[in-house]
Amino acid sequence: MISAPCTPCLSPDCSRPERSIKKTADAAGSKQNRVDTNMPQRRQVIFFLATIFVLVLAAFLFVGRGEKTVKGEKIRVVTTFLPIYVFTKNVTGDLAEVENLLPPGAGPHEYSFTPGDVQKISRADVLVMNGLGAEAWAAGVIKESGTMAKIIDASVSVPVRLRKGTPDPHIWLSPTLVQMMVANIAAGLAAADPKNAAGYQSNAEVYLKKIQKLADDYDFYLESPAIKRTDFIAFHAAFGYFAERFGLIERAVIEEFPGKEPGAKYLAGVVDLIRREKVRALFSEPQFSPKVLETVAKETGLRVRQLDTAETGPLLPDTYELIMRKNLETLIEALSE
Ligand SMILES: [Zn+2]
């Protein structure tokens, strides 16, 4: 347990008064691999939300494809993987039929689409994607299905980080960027299904507030005097945007490329770095066997904890918040040691 400034209640229903503490520009500015922005994320969000009306109009222009819904019928929306499903479901509520492509245990990086996926997309009115290369398999399934669905790219206008020269797709792990994604999804759905535009917008506003509360709680607890360190080792390179948002430092990852077993030489380098930099937080993911991590843990004496990338999980509207709140508990524990 930590000695946080008030009782650490991490429930989404917690009514503790909010205390939002902004990270300094210095903390955010110290991260590596950042591209194309010098503005703090929050300023960008304010700017982004202020221009949402323009985006709705733009969405009419850019996603205008087939119209096949009958008046009064719910539109059929297909999402790609867990966080996209969760954000979309929170925007639609009961106003649309939402179906996810990837089964609950399958992550986006190594996925191969199935004939069932082709069928789902061929029937869809709208396809919602993360974008930024998270769904490398999507182009194939879209082509094969011949779908006329409107495509919503949730990453439009999000400030992109590069990893080894390519866009890092893990934007859903920064709650601030999630607010942009939700706004994009709401604007795209409003354009695709104008009769329910007001409903999508009001549902989105409710969810945006929940996400803001989540971000505020992270700020509150990670600013606690109990937090002694800010750096960590992750299993795969998923926490770049997350670390940037919360002033944390991802020192290294165990799996250099998603789905690829790290070599002995690479792992020895990570062990050296942990010793040299005195890193104390080592995270696995619920989706992966921690065998390789056990080797690193044994060599360094560190305890392995799980930090969930929210790439898989139950297809329920509150899954993202639950995962992120569990991650906050884990972080508080690991960073206050
Ligand atoms: Zn990932």
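Before you click on anything, one cut-off: a residue counts as buried when its relative accessible area is under 20%. Keep in mind, too, that this is a predicted model.

**Stop 1: strand 7.** Select residues 231–236, which make up strand 7. Six of the six residues here are buried, so the strand is largely enclosed by the rest of the structure. You may want to hide a few things to see it.

**Stop 2: the neighbours of strand 7.** Add residues 249–255, which form strand 8. Strands 7 and 8 run parallel and are joined by five bridges. To find one of the pairings, pick Ile233 and look across to Ala252, its bridge partner in strand 8. Now bring in residues 240–246, helix 9. Together with strands 7 and 8, helix 9 makes a right-handed β-α-β unit.

What else pairs with strand 7? Select residues 281–284, strand 9, which runs parallel to strand 7 with two bridges between them. Phe232 is a good marker here, as Ala281 of strand 9 stands opposite.

**Stop 3: strands 1 and 2.** Jump back to residues 75–79, strand 1, which is parallel to strand 2 and joined to it by five bridges. Click Thr79 and you'll find its bridge partner, Asn100, in strand 2. Switch on helix 4, residues 82–92, and you have another right-handed β-α-β unit, built from strand 1, helix 4 and strand 2.

**Stop 4: the two faces of strand 2.** Show side chains for residues 96–100. In a regular strand, side chains alternate between the two faces of the sheet. Which residues of strand 2 lie on the covered face, and which on the uncovered one? Ala96, Val98 and Asn100 are on the covered face, while Glu97 and Glu99 are on the uncovered one.

Definitions and conventions. Residues numbered from 1 in each chain as written. Predicted model: local features only at pLDDT ≥ 70, side-chain atom pairs only at ≥ 80, totals over all residues. Heavy atoms only, no water. Buried < 20%, exposed > 50% of the residue type's maximum accessible area, 1.4 Å probe, protein only. Helix = DSSP H or I, 4+ residues; strand = E, 2+ residues; numbered from the N terminus. Pairing = 2+ DSSP bridges. Right-handed = clockwise from strand over helix to strand, strands pointing away.
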